Amino acid sequence: MRNIILLVILLSALPLQAQQTFTIDRGETNLWQDFTYDMGNVFQGVGFAYSRPLYWDGGDALIAGGVAATTLGIFVIDDDINREFRSHRDEIPSILLDYGNYAGAPQNNYGLTGAIYLTGLFTRNEKLRRTGVLLISSATATGFFQQLTKSATGRARPSGGFGKNHFKPFGGESVYRSFPSGHAVLTFTNAHVIAKQFDNAWVKAGIYAVGVVPGLSRIYDNQHWASDVFLSWALSYFMVEAIDLYLDRKYEQKYNDDRTMKTSLDLNFSLTSIGVSYSF
C-alpha cells in the first residue's frame with residue numbers, strides 16, 4: 001500500500017513535453033490589467049500542473065517509474081541514512097540549520113516570491129513578472145499538494161521514534177506529517193525557478209546547492225526521512241516544469257524557446273471566469 005501511495009504522489013506531478021507554441025498578443029496594458037492577467041495565470045498554472053497525468057505518454061511513465069524506484073530504494077535504507085546524518089549533526093554549522101528552517105517557512109517563502117513578482121509588476125518587466133508568477137503558482141501547487149499528501153499518508157517523523165515503516169493516515173498530529181517535506185518542497189521549487197534564469201552551469205549549481213540545504217537540514221534535525229526529502233525535490237522539479245510549460249504560451253518572455261506544446265485540454269481560471277480550453 002505504501003508503495004502505491006508513493007507512486008501515485010509522484011505521477012501526479014509529471015509534466016509533458018510539447019509540440020507547438022503560441023502566445024497571446026495583449027497589446028498595451030495598464031498595471032491593473034497586468035496584475036489580473038498574472039493572477040489568472042497563477043491559478044491556471046496550478047490547474048494545468050494538476051491535469052498533466054491525463055496526457056502522459058510512454059516517456060512520462062518511464063520517468064515516473066525511475067523516480068518511484070529511486071524513492072523506494074532510499075526508503076529501504078532510510079534508517080541507515082538517518083543514523084549517519086544524526087551522528088554528524090554537531091559538525092554542521094548552526095547557521096545552515098537555522099537557514100534551512102527559516103527559508104522553508106511558508107510565510108518567508110511567499111514574502112520572497114511576492115517581492116519578486118511586485119518588483120516585476122511595478123517596473124513593467126515582463127520577464128520578472130513571469131518569474132514571479134512561476135514562483136507563486138509553483139509554490140501554491142506544490143504547497144497544497146504536499147499538505148494534502150502529508151495528511152493522507154500520515155508517515156511518522158523520525159523524531160517520533162516509531163521507525164520508517166510507521167504510517168497513520170489522517171493522524172492529525174505533527175508527528176504524523178513527515179511525508180513529504182514542506183521545507184524541501186518550497187525551497188527547491190524556488191531554486192529551480194531561479195536557476196532557470198541563468199545559462200551558466202556553475203551559477204545553476206550554486207543555486208541548486210542553496211536550494212537543497214533546507215531539505216538536508218530537516219534530515220539532520222530528525223524531522224524527515226531521506227526518502228521524504230528526495231521525493232519532495234522531484235515533486236518540486238516536475239511541478240515547476242509543468243507550470244513553466246503552460247506559461248510559455250502566456251508570455252512573450254520564455255526560458256525554453258526550444259520547447260513546443262502538445263494538444264491538450266486545459267482548465268482556465270481568471271478573476272472573473274472559470275472555463276475549459278482546447279489548445280493545439
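## Phenylalanine 35 and its aromatic partners

In this predicted model, phenylalanine 35 has a relative accessibility of 27% and is therefore classed as partly exposed. Its aromatic partner, tyrosine 117, is buried, with a relative accessible area of 3%. The model contains 10 aromatic pairs. In the pair formed by phenylalanine 35 and tyrosine 117, the ring centres are 6.5 Å apart and the planes meet at 45°, a tilted arrangement. This pair connects distant parts of the chain, since phenylalanine 35 belongs to helix α2 (residues 31-51) and tyrosine 117 to helix α6 (residues 106-122), 82 residues apart. Trp32 joins Phe35 and Tyr117 in one aromatic cluster.

## The pair of tyrosine 37 and tyrosine 251

A further aromatic pair consists of tyrosine 37 and tyrosine 251, with 5.7 Å between the ring centres and 70° between the planes; the pair is therefore edge-to-face. Tyrosine 37 is a residue of helix α2, whereas tyrosine 251 lies in the loop between α10 (226-247) and β1 (264-269), so the pair ties together parts of the chain 214 residues apart in sequence. Tyrosine 37 and tyrosine 251 are both buried.

## Charges over aromatic rings

Two phenylalanine rings have a charged side chain over the face. Arginine 52 is placed over phenylalanine 48, at 3.7 Å from the ring centre. Over the ring of phenylalanine 75 sits the charged end of lysine 164, 5.4 Å from the centre of that ring.

## Buried salt bridges of helix α7

Side chains of opposite charge can pair when their charged atoms come close. The model has 11 salt bridges. One of them joins aspartate 38 to arginine 129, with 2.7 Å between the closest N and O atoms. Aspartate 38 is in helix α2 and arginine 129 in helix α7 (residues 126-153), so that distant parts of the chain, 91 residues apart, are linked. Both aspartate 38 and arginine 129 are buried.

Arginine 130 forms a salt bridge with aspartate 248, and here the closest N and O atoms are 3.0 Å apart. This pair also links distant parts of the chain: arginine 130 lies in helix α7 and aspartate 248 in the loop between α10 and β1, 118 residues apart. Arginine 130 and aspartate 248 are both buried. They belong to a network of salt bridges that links Arg130, Lys196, Glu241, Asp244 and Asp248.

## Helix α4: a local salt bridge and a helix crossing

Within helix α4 (residues 78-87), arginine 83 and aspartate 80 are three residues apart, which means a separation of about one helical turn. Arginine 83 and aspartate 80 form a salt bridge in which the closest N and O atoms are 2.4 Å apart. Arginine 83 has a relative accessible area of 51% and is therefore exposed, while aspartate 80, at 44%, counts as partly exposed.

The axis of α4 comes within 8 Å of that of helix α9 (residues 201-220), and the two axes cross at roughly 90°. The two helices are therefore roughly perpendicular. On the α4 side, Asn82, Phe85 and Arg86 make the contact, and on the α9 side Leu216, Ile219 and Tyr220 do so.

Methods. Residues numbered from 1 in each chain as written. Predicted model: local features only at pLDDT ≥ 70, side-chain atom pairs only at ≥ 80, totals over all residues. Heavy atoms only, no water. Phe/Tyr/Trp six-rings, centres within 6.5 Å; stacked < 30°, edge-to-face > 60°. Helix = DSSP H or I, 4+ residues; strand = E, 2+ residues; numbered from the N terminus. Buried < 20%, exposed > 50% of the residue type's maximum accessible area, 1.4 Å probe, protein only. Lys NZ or Arg CZ within 6 Å of the ring centre and 35° of its normal. Salt bridge = Lys/Arg side-chain N within 4 Å of Asp/Glu carboxyl O. Axes fitted to C-alpha atoms, helices over the stretch in contact; angles between N-to-C directions. Parallel < 35°, antiparallel > 145°, perpendicular 65-115°, else oblique. Contact = heavy atoms within 4.5 Å.
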